[in-house]
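Trainee: I would like a close look at one part of this model: the nonpolar core and what surrounds it. Please take me through it step by step.

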Amino acid sequence: WVTLVFTLLMLTAVPWAIHRILPWVQAHSRWHGGVLCFALCLALFAAAFTEWLGIHAIFGSFLAGIALGQSSHLRERTRTTIDQFVSVFFAPLFFASIGLSVDFTNYFDLQLTLTLLTIAVTGKVVGSAFGGRLGGLRWQEAWGAGFGMAAQGTMGIILGVLALQFGIISQEVFVSLVAMALLTSLLSGPLLQRVLHLKKPRHFSDYIEPAAFVRRLQGRDPEAVIGEMAMALAPLAGLDATMITALAIDRERIIPTGIGQRVAVPHARLAGLAKPLVGVGLSETGIDFDAPDGLPAQTIFLILTPLNDNGAQLEILADIAATFKEAEINERLLHIAGLTEFLALVKNSRDE
């Protein structure tokens with residue numbers, strides 16, 4: 001009955017109290033360290049309490065997360081920080097503790113692992129798919145729901161730990177359960193993506209090669225700069241630099257590619273190009289790409305995309321525009337030493 005009372009309180013009274021405590025914590029602590037400390041203390045206290053009751057600590061921390069997450073005062077950036085902290089600190093500790101307590105080498109049974117994997121995937125995927133179909137989903141969506149439910153994840157491993165501690169299963173079964181949970185977690189995402197025909201968002205930084213980063217552009221006009229960057233990209237594209245330059249300049253003459261905030265995005269679509277390529281050049285003096293705000297471009301991206309890939313160019317252009325919409329990041333770009341610092345600056349701007 002203590003467990004039931006605790007659960008009821010964590011789902012009713014505790015969220016009500018947290019919603020009124022969080023503004024006080026935010027007002028009297030430095031953002032967002034105070035809220036992070038409060039959340040961790042709450043989770044650890046709840047985990048310790050359920051462990052004392054004889055229930056696994058994960059149950060208490062799970063209820064604490066539900067109670068905390070219901071408050072509208074918990075900012076999205078704080079949620080993200082908590083999620084990242086748990087992922088990079090507590091999750092590795094949990095898996096390391098499992099690895100230290102079990103001999104995976106001696107207790108691994110391939111046949112048993114494959115059997116459990118088959119049962120787990122078949123039961124989850126087929127059962128969820130037919131359930132989704134009965135609920136009115138199309139077959140594609142139903143199979144997507146099935147593959148989405150296939151991942152056993154951390155909870156599957158926790159249940160295996162509990163079963164091993166109470167002597168319900170053997171070491172061999174536990175090792176196979178852990179392997180099955182990891183494999184289903186790894187496979188669920190790619191299979192779900194394939195079934196639903198989902199596409200990963202394309203970030204321009206994924207297509208930048210070290211050789212295509214020009215720290216100091218020497219050109220003083222768009223044509224010279226495009227030619228300079230085409231020379232850097234040509235070996236990577238396996239195409240002639242003169243042809244790349246001509247196509248990009250022809251496109252530039254139709255519509256100028258200065259997008260404002262001291263950024264320009266000359267681009268071209270090329271036959272025979274295997275994948276998108278992005279060159280980055282920095283100009284200390286600035287190049288006039290006829291931007292709407294009248295400012296010269298100091299960060300120039302030369303974007304090359306395959307002729308038969310209609311969406312690549314637009315996605316990359318949109319990502320650049322979204323990343324460099326603030327003037328501050330463009331000012332900091334001129335002080336970087338190389339590609340590594342450039343990519344770090346881009347990554348940080350996306351996370352902010």
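Mentor: Start with the largest nonpolar core, which has 26 residues. Ile244, Phe289, Ile300, Leu302 and Leu304 touch the most other members. Keep in mind that this is a predicted model. Several elements feed the core: β1, α11 (222-237), α12 (241-254), β4 (267-270), β5 (277-287) and β6 each supply at least two residues. Helix α11 gives the most, with 8 residues.

Now zoom in on Leu302. Set aside its neighbours within four places in sequence. Leu302 is then in contact with Ile226, Met229, Ala230, Leu233, Ile244 and Ala248, among others. The list also includes Pro266, His267, Leu277, Val278 and Gly279. In soluble globular proteins, nonpolar side chains tend to be buried together.

Another core lies apart from this one. That core has 22 residues, among them Phe213, Val263, Ile336 and Val346.

Phe213 leads us to the aromatic rings. The count comes to 11 aromatic pairs. A pair of aromatic rings is described by the distance of the centres and the angle of the planes. Take Phe204 and Phe301. Their ring centres are 5.2 Å apart and their planes stand at 75 degrees, so this pair is edge-to-face. An angle over 60 degrees is what earns that label. The two residues come from distant parts of the chain, 97 residues apart. Phe204 sits in the loop between α10 (171-196) and β1 (208-214), while Phe301 belongs to strand β6 (residues 297-306). Both Phe204 and Phe301 are buried.

Next, Phe213 and Phe342. Here the centres are 5.7 Å apart and the planes are at 50 degrees, so the pair is tilted. This pair also links distant parts of the chain. Phe213 is in strand β1 and Phe342 in helix α15 (residues 339-351), 129 residues apart. Phe213 has 12% relative accessibility, so it counts as buried. Phe342 is buried too, at 0% relative accessibility. Step back, and ring pairs join Phe204, Phe213, Phe301, Phe324 and Phe342 into a cluster.

Now the charged side chains. Side chains of opposite charge can pair when their charged atoms come close. The structure holds 7 salt bridges. One of them involves helix α11 again: Glu223 lies in α11 and Arg253 in helix α12, so their pair ties together parts 30 residues apart in sequence. Their side chains meet at 2.9 Å, N to O. Glu223 is partly exposed, with a relative accessible area of 38%. Arg253 is exposed, at 59%.

A salt bridge also reaches strand β1. Lys275 pairs with Glu209, and the closest N and O atoms are 4.0 Å apart. Lys275 lies in the loop between β4 and β5 and Glu209 in strand β1, so the pair ties together parts that are 66 residues apart in sequence. Lys275 is partly exposed at 46% relative accessibility. Glu209 is partly exposed as well, at 27%.

There is also a network. Arg202, Asp309 and Glu315 are joined by salt bridges that share partners. Glu141 and Arg138 form another salt bridge, at 3.3 Å from N to O. Glu141 is partly exposed, with a relative accessible area of 32%. Arg138 is partly exposed at 46%.

Look at the loops between the strands next. Most residues other than glycine have a negative phi, and most peptide bonds are trans. Asp290 has a positive phi, near 55 degrees, and is not a glycine. Asp290 is found in the loop between β5 and β6. With a relative accessible area of 52%, Asp290 is exposed. Gln261 also has a positive phi, about 60 degrees, without being a glycine. Its place is the loop between β2 (258-260) and β3 (263-264). Gln261 counts as partly exposed, at 29% relative accessibility.

Finish on the surface. Leu44, Val86, Val88, Phe89, Phe90 and Leu93 form a nonpolar patch there. Together they have about 540 Å² of accessible area. Helix α5 (residues 76-101) gives the most to the patch, with 5 residues. Leu44 lies in helix α3 (residues 33-53).

Definitions and conventions:
Residues are numbered from 1 along each chain as its sequence is written. This is a predicted model: local features need pLDDT of at least 70, side-chain atom pairs count only at pLDDT 80 or more; totals for chains, interfaces and linings use all residues. Side-chain values use heavy atoms; hydrogens and water are left out. Patches are made of residues with over 30% relative accessible area and no salt bridge: like charges are joined within 9 Å, nonpolar side chains (Val, Leu, Ile, Met, Phe, Trp, Tyr) within 5 Å. Accessible areas come from the Shrake-Rupley method with a 1.4 Å probe; for residues, only the protein chains shown count as cover. Helices (H or I, at least four residues) and strands (E, at least two) are DSSP runs, numbered from the N terminus. Rings of Phe, Tyr and Trp (its six-membered ring) pair if their centres lie within 6.5 Å; planes under 30 degrees apart count as stacked, over 60 as edge-to-face and the rest as tilted. Buried means under 20% relative accessible area, exposed over 50%, partly exposed in between (1.4 Å probe, protein chains only). A nonpolar core is a set of buried Ala, Val, Leu, Ile, Met, Phe, Trp, Tyr and Cys residues joined through side-chain atoms within 4.5 Å. Contact means heavy atoms within 4.5 Å.
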